[in-house]
Every structure is written in C-alpha cells, then in structure tokens.
Amino acid sequence: MFQWRPSNTARGGGIMHPIIRSIAGSFNSSPEEGTSGKIGRYLALVNYHANPITSAMFITATAPNPLIVKFVAEATGAQISLTWSTWALAMLLPGLAAMALMPLVIYWISPPEIKDTPDASTFAEGKLKELGAVKTNEKILLAVFALLLVMWAGIPAMLMGKGYEVDATTAAALRPGAAADHSCA
C-alpha cells in the first residue's frame, strides 16, 4: 500500500541543514564563534520546525503516518480508509497555516539580531554571475538528480505498471557517490 521513503531526519538534517548552515555562515553566525544569535539560531529553529510540519502533511513522509491510517481503519471497521490524496487534502490547510505562522512565532520567541538584509538579492546575483553559465557536468548532475527523483517518487510504476516499481532505497543507492558514503576509508 505505502512505499517507505527516506526519513524526515535525512531531509531536514542531510539536505536542509547544510543550506541553512551556509546561509548563517555568510552572515558570520555560528555557534563555534558564539554568534548564532545573529541569524543562525533563527534559521535552525525554522528548519527544525518546518520538518515535522511537512512530515505531517504527507502520508508517506514519516513512519508514524501509515500507522495512523492503519489505526483509523481498524477503529472504524475499515469504514474510513485514508488514501495518500485524502490525507494530503485534509492536511493542506492546517499544514499551510502552520508553515505560514511558525516562522512568525519563532521570530517572536527567538528573534534574530539581523533583521534586515537589503543587499541579499544583489549579493545573490553577483555570486551567480561569478559562477557563470551552467556547465556540462552540472547539467549531468541535474539530469541524474531528476531521474533519481522520478524513480524515488514511483513515477515509472505509476505510468507503466507495477513491474517498473523501483524501491526508494534502491534509487537512493544508485546515485553517484552512494558507495563512497558508506565506505570505511
């Protein structure tokens, strides 16, 4: 019924945290230097709280959600059967409301010292110009990422049938560098 996906810890800690840390670092905000109050603490708290909110919004986003579906079905004698779509639709409004309010509440509880970044877009545009045009190896990386995302989301099975199903963990293991992630060296 449900295909397990990589954990919300992997999404929040493995994908978002390095981005948040990089942004905080560009403002010289780090716990090592005792300057996390500049903006890093705020960004980390928003990242941390966004993760469980988005995990609650999608039935396959975290392990407890399918258990809830099972418990609801058992408790109602299978009169209520939650699908991925019904779950997502039911969680859309509360999830979006929580995502909109959460940064404001965190801002109120733990405001960053840096409250204005007027040169952010100019800074970003300058950095993009420094990088130049997208290189061939970057295009290949984007194509591999898109392919892995399509496999992870189960799109081949949706389009061509169950025989084309690729396990999410297998898709993750196929990515370039996956073997190096688990080496003992």
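Which residues form a nonpolar patch on the surface here? That's where I'd like to start, and keep in mind as we go that this is a predicted model.

So, the patch. It's formed by Val150, Ile155, Met158, Leu159, Met160 and Tyr164, and together these residues have about 640 Å² of accessible area. Helix α7, residues 155-160, supplies the largest share, four residues. Tyr164 sits in the loop between α7 and α8, and α8 runs 168-174. How accessible is Tyr164? Its relative accessible area is 46%, so we call Tyr164 partly exposed.

Okay, let's go inside. The largest nonpolar core has 11 residues: Ile20, Ala24, Ile39, Tyr42, Leu43, Val46, Ala50, Ile53, Met57, Met102 and Ile106. Which elements give two or more residues to this core? Those are α1, α2 and α4, with α4 covering 84-109. Of these, α2 gives the most, at six residues.

Let me pick out one of those core residues, Ile53. If you skip everything up to four places away in sequence, Ile53 touches Gly95, Ala98, Met99 and Met102. Met102, by the way, is on the core list too.

Now for a quick tour of some loops, going along the chain.

Ser30 is in the loop between α1, which is 8-26, and α2. Is Ser30 buried or exposed? Buried, because its relative accessibility is 13% and the cut-off for buried is under 20%. Leaving out neighbours within four places in sequence, Ser30 is in contact with Thr35 and Ser36.

Next up is Thr62, in the loop between α2, 40-57, and α3, 64-75. Thr62 comes in at 19% relative accessibility, so it counts as buried, given that same under 20% cut-off. And what does Thr62 touch, once we ignore residues up to four places away in sequence? Asn8 and Ser55.

Last loop: Thr76, between α3 and α4. Here the relative accessibility is 25%, so Thr76 counts as partly exposed. There's a nice detail to look at on the screen: a polar atom of the Thr76 side chain lies 3.1 Å from the backbone nitrogen of Ile80.

To recap, then: a surface patch with its largest share from α7, a core to which α2 gives the most, and three loop residues, with Ser30 buried, Thr62 buried and Thr76 partly exposed. That's it from me.

Definitions and conventions: Residues numbered from 1 in each chain as written. Predicted model: local features only at pLDDT ≥ 70, side-chain atom pairs only at ≥ 80, totals over all residues. Heavy atoms only, no water. Patch = residues over 30% accessible without salt bridge, like charges linked within 9 Å, V, L, I, M, F, W, Y side chains within 5 Å. Areas by Shrake-Rupley, 256 points an atom, 1.4 Å probe, with all protein chains shown as cover. Salt bridge = Lys/Arg side-chain N within 4 Å of Asp/Glu carboxyl O. Buried < 20%, exposed > 50% of the residue type's maximum accessible area, 1.4 Å probe, protein only. Contact = heavy atoms within 4.5 Å. Core = buried A, V, L, I, M, F, W, Y, C linked by side-chain atoms within 4.5 Å. Polar contact = N/O pair within 3.5 Å; in protein donor to acceptor, adjacent residues only side chain to side chain.
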